[in-house]
Amino acid sequence: MSLEKPQLDFTATKEQLEERLLEIRRNLHREPELSNEEYETTRKLKGWLKEAGIKVLDLPALKTGVIAEIGSGEGPIVALRADIDALPIDEQSGVPFSSTVPGKMHACGHDFHTTVALGAAYLLKEREEELAGTVRIVFQPAEETGHGAKDVLASGGLDNVAVIFGLHNDPDLEVGELGTCAGPITAGVDRFEIVINGVGAHAASPEKGTDTIVAASQIVLALQTISSRLVSALDSIVVSVTRITGGNTWNVLPATVELEGTVRTLNVDVQKRVPEQIRQILAGIGAAAGVTAELRWYPGPLATINDAFWSEFAAEAARETGYKTKVLGPSMGGEDFSFYLQDIPGAFVYVGSSSSYALHHPKFAPNESAILPAAEYYSHLAVRAINELSQE
């Protein structure tokens, strides 16, 4: 086995590793990049990996993001995934290393995840000669768009991977807690737009036009019957209208109104039926109101469904590294990690970050003391999975 030696060693002591990881996390936090724009983040990651002697895969199809490989390239292959993109949010956390880029912030903690995965890579590199297989560390772009995982799969960087694990911070869990579950852990996520066209008129003479505002209001209410009347009460589903745009003055009925929203569900069959149910609602209300209503449907990730064996395996590895584990119920949030699990067995877990503010909040600030334990957990999980697969 011919392995590249690290130019720098950040793992001599736990304190040195933690200091290095905090430095990296704060660097990433100051300079966030949105989905598919993570060019500087990618450049930094490649530099940090190479200075530790960690191999970076040559994947021309992957424009942003990095996949690193540790091990001999032989034996079972285990993948660990972290996401690297930020959100279009103005930061208000007040931390001394706040974003220096107006309108962009790591408000979901992807800088946290990236740093955890990099720390795991450093730890795995330290024991590379002991590995009975290979670990691929996936620094994935564009999770927030719901499609970055597809780019990684298309790049070939996960070819022949036997099992994959994903990790996300959870501000509702305390530092030192880890949660997961078998089966669905996050929901399928789709986006929709509805364009309602009618005939504009003076607000004093609505009978001379077709009122798109009233039609839009009826559609918003009727969409709620999908969850209350068209889907079994045993199947979780959320239909939310999040934007209404129409009109530009107080005394004119607009000719066009636009709606936008999202559908979240844990059941793949239900998810597939929803677009046609919406079209039926639009056709009925449109006919009654004298307007046309067009649905534009943007399919996203399916539900993230954990493998029962590997989710318990991940929880057991957590307990071995000192975590208190919890069985979580499924979340109606979305994750494009689901694309990986359609092709590769694996599990998605949450580690506690104990923030006073929720994910995607401008004041979100995860507790940095959770980073090193999560990196140690991630590296242990990879080694444990290789050993498990080597026995098969």
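I looked up how H3 and H10 (DSSP runs of H or I, at least four residues, numbered from the N terminus) are set in this predicted model: their packing angle is about 55°, with the axes 8 Å apart, and the two are therefore oblique to each other. Axes here are lines fitted to C-alpha atoms over the stretch in contact, and angles run from 0 to 180 degrees between N-to-C directions; under 35 degrees counts as roughly parallel, over 145 as roughly antiparallel, 65 to 115 as roughly perpendicular and the rest as oblique.

I then listed the residues in contact (heavy atoms within 4.5 Å): H3 contributes, among them, Phe 112, Val 116 and Leu 123, and H10 residues including Ile 371, Tyr 378 and Val 383. By class, I find 12 nonpolar, three polar and one charged residues in this contact, where Ala, Val, Leu, Ile, Met, Phe, Trp, Tyr, Cys and Pro count as nonpolar, Asp, Glu, Lys and Arg as charged, and the others, Gly among them, as polar.

Next I turned to Glu 128, which lies in the loop between H3 and strand S4 (134-140) and, at 5% relative accessibility, counts as buried (under 20% relative accessible area, exposed being over 50% and partly exposed in between, with a 1.4 Å probe and protein chains only).

Last, I checked Ser 155 in helix H4, which also counts as buried, at 14% relative accessibility; leaving aside neighbours within four places in sequence, I find Ser 155 in contact with Leu 59, Ala 61, Leu 62 and Ile 67.

Residues are numbered from 1 along each chain as its sequence is written. Local features need pLDDT of at least 70, side-chain atom pairs count only at pLDDT 80 or more, totals for chains, interfaces and linings use all residues, and side-chain values use heavy atoms, with hydrogens and water left out.
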